[in-house]
Amino acid sequence: MTGIVKLFRRDVRGTTADTPRRTFIRRALSGYFAKRYPLQDAYADWQAARTTAAAIKFDAVNRLDTHLETFARQAEARGTKVFFASTGAQARDYVLALCREQGVRSIVKAKTMTGEEIHLNEALEKEGYGVVESDLGEYIVQLRKEHPYHFVFPCMHLKRGEIRATFEKALGDVGSDEPENLTMVARRVLRQEFLKADLGISGANFLVAETGQISITENEGNARLTCALPRIHVALVGIEKVVPRFEDLALFLPMLGTAGAGQALTGYNTLYAGPRQPGETDGPEEFHVILLDNHRTRLLADPEQRDALHCIRCGACLNVCPIFKNIGGHAYGTTYQGPIGSVITPHLRGLQDWKHLSGASSLCGACTETCPVKIDLHHHLLQNRRNAVREKGVWWERLLFQGFGLYASHAALWRFGSRLAVPGLKLHSRFSGAWFDPVRLWTKTRTLPRPPERTFRQLWAERQKQKSPRA
Amino acid sequence: MSYPPSDKAAVLTRIREALRLPARVPHQDSHAPSFPALPGKEEIGRWLPAVGAGYEERVALFARQAAALKADFVRLPALDAVPSHLAALAQAEGWPADGIASHPGEHSASLVEKAGFRPFLALPGYDRAKLESCAASVTACEALIAQTGSVLVTTRESGGRALTILPPHHIVVATRDQLVPDLPAAFARLRQAYGGTFPSMISFITGPSRTGDIERILVLGAHGPKKLTILFVG
Ligand code: SF4
């Protein structure tokens, strides 16, 4: 067992035992469901919208090379500097070089999960640059030195009292723990950060190939400020975020809002094409877009799971996932939590180290059903399990299944074995879950069904006897 | 140290390598015989929530959406009615005489002047601290979208990037011909107005700035305007 699995097991034991927190998470999500489903029902045809969105993304991802070249050409024509990064290190180095070249002193950041993925903040801080997260949820988890709990709702696990305590530790007396008051405290502090920052870092939700625009979806307006006030704007974006055409966003923006947060449209959906253009009032002097691979091409190379790159990071699959709701976002130990995280992390960070996430699923398929771009998530979890075994099987599992194959393909063996199984199971039921139970790992948290009285063959034989009364 | 070189060639090569095998079409068991065609642009709007056909229906829908978003929607008979409404707002909210930001234009600064104020103009090189201290901004817009209750602003039509996000109260002036039924119509309008050379920022504003980050409870004015007022002439 690797250290990652051990950590996962330990964390899961803790979080699943924390019933109050689980109840709190469920309650927090109930508002989302209440808003999302009526909105979805108001679509002329939500299922057709999903199919259309999936087909657009299919084109985007399967012609990614062409689309990225077009994007880069169009963006550069508007004065955007486009940088391709194969690895996280290259992307970090680029941002660091930029900071040095431009004499950056103060950095404000809008939410970017890609930044989280490549540990951008840590890299900047190590070089002595202060970075302030401006999304309220991100700001809170940054102050707590935590990672986001959910990639759309970063601090949904925290109660107001905990947030007030966090603020008090960092900012001094902040008054009441009402969400309104706490939000205004953060607004005041962060407004000053916006005014003094000379570099703004953001992510992006979409890259429009045809026009070279990036599109950012948010509710708070912090990304709007990040892209308006600092002298330089850097957007860090995964290469898969492409849509082919400008008009495609007329479908993706409302679907992202609906599936992501139960909103007809998210508060601000903003497209940026280049830095401040001639004749415009304000905006950054420089605009850089970093297109990040960081192993996305590994996922692209898997024809079976390529559609996982269709993901628009709405977070809906987390919200519906029974595993997420019970183990919580931190237990995953990944940048992307929930079903989509369990599918893609093995590709991004190594199958053998992360295959356990594919096992942590009930395969109920709720994620697949809710996904606005129809990613076949639960089947991908199964494929990851299969691939992991193919690549590196466990000897005793293989032996076990070989034995089972032998047993199941020989009638006499089967008859003999199943006869033995009836008393065997009865015996086992007496010590099921005890410390010397050989299958204790399984039985300590589960109750086996009551052992049967007879085998199927015995039942069948009896039935036949009753049907044909003795002559 | 200077900038590291872009790894464009390597990334594109890896992508082409990866794409050599055709994708399995999701939810089907075989490799795709060919790509599912990219849906036509007319497909895009077909599945979205329906919008009434008539003008009045659209106004009513926009008003309902705005109310649900906690934005103020005010319908005025003519542009002449805007200044007095602005003056009333200024009095009700106690805006200082020099606390209204705007940008030059018939649907923006002129109206503020007619209301009896000297607007702070967001012109190239404006004083950012001054804009930050303003109580309100009055701007024109590109369009209103009935389907979602959204206001469409651009750097071109609405005085740049900061004017519509920095002050705590954003007042938008829109006219009858600016009300479009749905999102595809809004995109078509932008396309028509700008061809391929879009303003450097295009923003769909749907309600005042908001957050639900603390216990998923709605709070307005997280970073941007706490209030959004739409003065609709038409
Ligand atoms: S996999 Fe689908 S549901 Fe999950 S975050 Fe991505 S787009 Fe949303």
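**Exercise 1. Strand β6 of chain B**

How many bridges join β6(B) to strand β9 of chain B, and do the two strands run parallel or antiparallel? Work out also how β6(B) is paired with β5 of chain B and whether its residues are buried or exposed.

*Solution.* The structure is a predicted model, and everything below is read from its computed coordinates.

Step 1. Begin with the pairing to β9 (residues 201-205) of chain B: four bridges join this strand to β6(B), and the two run antiparallel. Within this pair, B:Val151 has B:Ile205 of β9(B) as its bridge partner.

Step 2. Turn next to β5 (residues 143-145) of chain B, which pairs with β6(B) over three bridges, again in the antiparallel sense. Here B:Ile145 is matched with B:Ser150 in β6(B). The hairpin formed by β5(B) and β6(B) has four residues between the strands, and in this hairpin B:Gly149 takes a positive phi near 70 degrees.

Step 3. Now consider burial, where a residue counts as buried under 20% relative accessible area. Five of the five residues of β6 (150-154) of chain B are buried, so the strand is largely enclosed by the rest of the structure. Both faces are covered, with B:Ser150, B:Leu152 and B:Thr154 buried on one side and B:Val151 and B:Val153 buried on the other.

**Exercise 2. The six-stranded sheet of chain B**

Find the order of the six strands in the open sheet of chain B, name the edge strands, and describe the helices that lie across the sheet.

*Solution.* Step 1. Reading across the sheet, the order is β1-β12-β7-β4-β2-β3 of chain B, and the pairing is parallel.

Step 2. The edge strands pair on one side only, and they are β1 (72-76) and β3 (120-121) of chain B.

Step 3. For one pairing inside the sheet, take β2 (residues 100-102) and β4 (residues 136-140) of chain B, which run parallel and are joined by three bridges. B:Ile100 stands opposite B:Ala136 of β4(B).

Step 4. Add the helices. Helix α3 (residues 55-68) of chain B lies across β1 and β12 (227-233) of chain B, and runs at about 150 degrees to β1(B). Helix α4 (residues 81-93) of chain B lies across β1, β4, β7 (169-175) and β12 of chain B, and its angle to β12(B) is about 160 degrees.

Step 5. Look finally at the loop between α3 and β1 of chain B, where B:Lys70 is found. The phi of B:Lys70 is near 65 degrees, a positive value in a residue other than glycine. As background, most residues other than glycine have a negative phi.

**Exercise 3. Helix α5 of chain A**

Compare the span of helix α5 of chain A with the expected one, and list its buried residues together with what covers them.

*Solution.* Step 1. Helix α5 (residues 88-102) of chain A has 15 residues and reaches 21 Å from its first C-alpha to its last, close to the 21 Å expected at 1.5 Å a residue.

Step 2. The buried residues in α5(A) are A:Gly88, A:Ala91, A:Tyr94, A:Val95, A:Leu96, A:Ala97, A:Leu98 and A:Cys99.

Step 3. The elements covering these buried residues include β1 (81-85), β2 (106-109), α7 (120-126), β4 (199-202), β7 (232-238) and β10 (286-292) of chain A.

Step 4. After the helix comes A:Gly103, which has a positive phi, near 60 degrees.

**Exercise 4. Three residues of chain A**

Decide whether A:Leu348, A:His295 and A:Pro438 are buried, partly exposed or exposed, and say where each of them lies.

*Solution.* Step 1. A:Leu348 belongs to helix α16 (residues 338-349) of chain A. Its relative accessibility is 12%, so A:Leu348 counts as buried. Leaving aside residues up to four places away in sequence, A:Leu348 touches A:Asn294, A:His295, A:Arg296, A:Arg298 and A:Tyr336.

Step 2. A:His295, one of these contacts, lies in the loop between β10 and α13 (296-300) of chain A. With a relative accessible area of 32%, A:His295 is partly exposed, and its phi is positive, near 75 degrees.

Step 3. A:Pro438 sits in the loop between α22 (411-431) and α23 (440-443) of chain A. Because its relative accessibility is 71%, A:Pro438 counts as exposed.

How values were computed
Residues numbered from 1 in each chain as written. Chains lettered and ligands numbered in written order. Predicted model: local features only at pLDDT ≥ 70, side-chain atom pairs only at ≥ 80, totals over all residues. Heavy atoms only, no water. Pairing = 2+ DSSP bridges. Contact = heavy atoms within 4.5 Å. Axes fitted to C-alpha atoms, helices over the stretch in contact; angles between N-to-C directions. Buried < 20%, exposed > 50% of the residue type's maximum accessible area, 1.4 Å probe, protein only. Expected span 1.5 Å × (residues − 1).
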